[in-house]
Protein chains: 2
Amino acid sequence: MEELDERKVKILNAIIQNYMETGEPVGSRTISKSSDLNLSSATIRNEMSDLEELGYIVQPHTSAGRIPSDKGYRFYVDHLIAEKDEEISDIKDLMIEKTEKMEKMLKQVVKVLANNTQYATMISAPALSGTKVKFVQLSQVNENQILSVVMMSGNIVKNKLIDVDEPLNSENMLKLNMLLNTNLNGLTVSDINLALISRMKAQAGEFEGIIEQVLQTVAETIGDEEMEIYTSGATNIFKYPELADSQKASEFISAFEEKEELRNLISDIETDGEKTGTGIQVYIGDESPIQTMKDCSVVTATYELGEGVKGTIGIIGPKRMDYKNVMDNLTHLKNQLDQMLKKADET
Amino acid sequence: MEELDERKVKILNAIIQNYMETGEPVGSRTISKSSDLNLSSATIRNEMSDLEELGYIVQPHTSAGRIPSDKGYRFYVDHLIAEKDEEISDIKDLMIEKTEKMEKMLKQVVKVLANNTQYATMISAPALSGTKVKFVQLSQVNENQILSVVMMSGNIVKNKLIDVDEPLNSENMLKLNMLLNTNLNGLTVSDINLALISRMKAQAGEFEGIIEQVLQTVAETIGDEEMEIYTSGATNIFKYPELADSQKASEFISAFEEKEELRNLISDIETDGEKTGTGIQVYIGDESPIQTMKDCSVVTATYELGEGVKGTIGIIGPKRMDYKNVMDNLTHLKNQLDQMLKKADET
DNA sequence: TATTAGCACTCTTTTTTCATGAGTGCTAAC
DNA sequence: GTTAGCACTCATGAAAAAAGAGTGCTAATA
């Protein structure tokens, strides 16, 4: 296991640090001068040669310096960051305005995070399919339309218009609402099965037809929704020359605009499960499940809104991103989010 | 007025046509051969020299061909497009899926339009401030919270949670709902003034306190919203070399991501009023109210959702955009939108 | 034995130079 | 009024040359 002695680790670290800052291949002379090892460039060269053979660094071409390989970054993330943890991490405080609207909050969160890190960011709204029904209300809007309003845990409100053949009188409407609330309260979409439906139909008596339509609608309202994703800072990519040529940039930004690929990315990540104990996951280069991002690294965190209901927040940037800063930011934010959402749910 | 004789017009037209296709400065020899004027390049050169003096075309540098100036494009848009109108315009049919959700529909519209034109597109949701209240419903969600749901013309539904000190019993809730609906139905935000409020308070009796809070909330629900804008195809900018260098592209795409500048653009345009009889407006280069877009042209259309309630749909592309195609597309789409929204409102 | 100075060699990057070609403006002839 | 002809300008691209960065290897050193 110990294929790297202490000195090699130090040199590898120095190379990565330097490359993170400059984005340029780093040569032996640079290391020789900048590090506190007091070794000549020739010695460093020998060590670098070894490190290359072991696959931690790579030479873009003969007579260029070395850059970290995916394996190198991986080593850095797994071993080197922890060592630095003693340092005081001074994250700019992530000021998030309080707002009860989930959508606004999420939009703000990605924006703040993008600003703070200078990378591209995304966040997925918690999938409704896992949330519970807190409250249902049908209202007769006019002769032929009923407005169904469903409130889920996390105070997410969804609504839909239902067309009906004939209006219900207010007494029946009241009954129907009672029926819906007593039966659906606390259930998730997957809980609404055939057995429940026929039970409710039986109770509905003459409104059996409407009940069916309503339940159908409720299910659609909650379940049918495709995963909502908010993004920010896609244009930060232009700050990193290795990603900024128009071909790549166009694809990258398109992916952020379309969001379809991001959706795939996120569902892959969510099924992937947690890799670290902290709820933070790091995908370096090819490790990322998505092709468009193979020159990037993706760091994600999962926030929770009660049992089983999760959303994902992620940062996408160059492989030489500041992993420490990014992970700290995400941890911080994840905690803040968990707290806020829990509070919103309690009320 | 007649500073351009027929031949000059023909030459100008040929230059513009050619430049639109190629994006390259066009020289005298090209015109001499391509047009049906049967003139030598020397003659064309003389005419081009005149056209330049008059400001319709411009030379990027000595020994380059000419490109149209803003004035040239303006002439083209004002005079030359009309002449071509006999041609059958074969717009690909803009297939828009029916959906009762305004948001989904608008998102789809910009996407289709961007696909169809290959330019960047945007659409503003109709400002709620002008729409009318169609239906209000308060529901007791739990001891301390009331959910207010407001439905506006166009079937736009907004909701908000209100915190209250003590729950209302169902009878009082019913009264309150009646009161709200009878008083607010058909009103716009600006109609909800102090006089109305005090009148309603008087009618509310013991629930005066709640009424105030509710009305406040309703006003917020409807009025406070900032203009919602959906965009698509921002990365199409990379298809036009004159706009595709990373500096410009980054700014451009950022503007589309942030949407703040677009909001300004749209409100400028909306106050600007209609310039043409068709409801289509064209801003060429510097004519555009916004700095970031000074190398682009902006073409917009206004769609309506009943009296005074407007939204704007726009296309942003290079100055050499295919104005005819764009304007036709917008006209077509505007009609379709007007129709759809009218229908949604009737039900 | 580990380290280092020295040097030849490689490969990229930048600069310079040069040739090419597109396009113009002007003049003189038609 | 139109056109052929020609000198001139300027962008573009290729080729050549120069400069720099960095390596790998060898031989000397501690």
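**Note on the DNA contacts, second largest pocket and Pro60(A)**

1. A phosphate oxygen of DNA strand C sits 3.0 Å from a polar backbone atom of Ser40(A). The model under review is predicted, and every distance quoted from it should be read as computed from predicted coordinates. Two further polar contacts involve DNA strand C. Arg45(A) places a polar side-chain atom 3.2 Å from a base oxygen of DNA strand C, while a polar backbone atom of Ser63(B) is 3.4 Å from a sugar or linking oxygen of that strand.

2. The surroundings of DNA strand C comprise 20 residues, the closest being Arg7(A), Thr43(A), Thr62(A), Ser63(A) and Ser28(B). By class, this surface has 4 nonpolar, 12 polar and 4 charged residues. Of the atoms of DNA strand C within 4 Å of the protein, sugar or phosphate makes up 71%, and the bases supply the rest.

3. Which helices supply at least two residues each to the surface near DNA strand C? They are helix H3 (41-54) of chain A and helix H3 (41-53) of chain B. H3(A) gives the most to this surface, with 4 residues.

4. DNA strand D has 19 residues around it, and the closest are Ser28(A), Arg45(A), Arg7(B), Thr43(B) and Ser63(B). Of the atoms of DNA strand D that come within 4 Å of the protein, 71% belong to sugar and phosphate. The residues of the surface near DNA strand D fall into 4 nonpolar, 11 polar and 4 charged.

5. Three polar contacts to phosphate oxygens of DNA strand D may be set out individually. An N or O atom in the side chain of Thr43(B) is 2.5 Å from a phosphate oxygen of DNA strand D. For Arg7(B), a polar side-chain atom lies 2.8 Å from a phosphate oxygen of the strand. Ser40(B) contributes a backbone N or O atom, 3.0 Å from a phosphate oxygen of DNA strand D.

6. The helices near DNA strand D also deserve a comment. H3 of chain A and H3 of chain B each supply at least two residues of the surface near this strand. H3(B) gives the most to it, with 4 residues.

7. The second largest pocket has a volume of about 1,000 Å³. Its lining consists of 33 residues, of which Gln137(A), Leu174(A), Gln137(B), Leu174(B) and Asn177(B) are the closest to its centre. Two or more lining residues come from each of strand S4 (133-142) and helix H6 (170-184) of chain A, and from each of strand S4 (133-142) and helix H6 (170-184) of chain B. The lining divides by class into 15 nonpolar, 16 polar and 2 charged residues.

8. Pro60(A) lies in the loop between strand S1 (57-58) and strand S2 (67-68) of chain A. Is Pro60(A) buried or exposed? Its relative accessible area is 45%, and because this value falls between the limits of 20% and 50%, Pro60(A) is classed as partly exposed. Leaving aside residues up to four places away in sequence, Pro60(A) touches Pro25(A), Gly65(A) and Ile67(A). The C-alpha atoms of Pro60(A) and Met102(A) are separated by 46 Å, the two residues being 42 places apart along the chain.

Terms used. Residues are numbered from 1 along each chain as its sequence is written. Chains are lettered from A and ligands numbered from 1 in the order in which they are written. This is a predicted model: local features need pLDDT of at least 70, side-chain atom pairs count only at pLDDT 80 or more; totals for chains, interfaces and linings use all residues. Side-chain values use heavy atoms; hydrogens and water are left out. On a 1 Å grid over the protein atoms alone, a cavity is a set of points where a 1.4 Å probe fits but cannot get out, and a pocket is an open set with protein on both sides within 12 Å along at least five of seven lines; lining residues have an atom within 4 Å of a point. Grid points are joined across faces, edges and corners, and a volume is the space filled by probe spheres set on the points. Ala, Val, Leu, Ile, Met, Phe, Trp, Tyr, Cys and Pro count as nonpolar, Asp, Glu, Lys and Arg as charged, and the others, Gly among them, as polar. A residue is near a molecule or strand if one of its heavy atoms lies within 4 Å of it. A polar contact is a pair of N or O atoms within 3.5 Å; within protein, one must be able to donate a hydrogen and the other to accept it, and residues adjacent in sequence count only if both atoms are side-chain atoms. Buried means under 20% relative accessible area, exposed over 50%, partly exposed in between (1.4 Å probe, protein chains only). Contact means heavy atoms within 4.5 Å.
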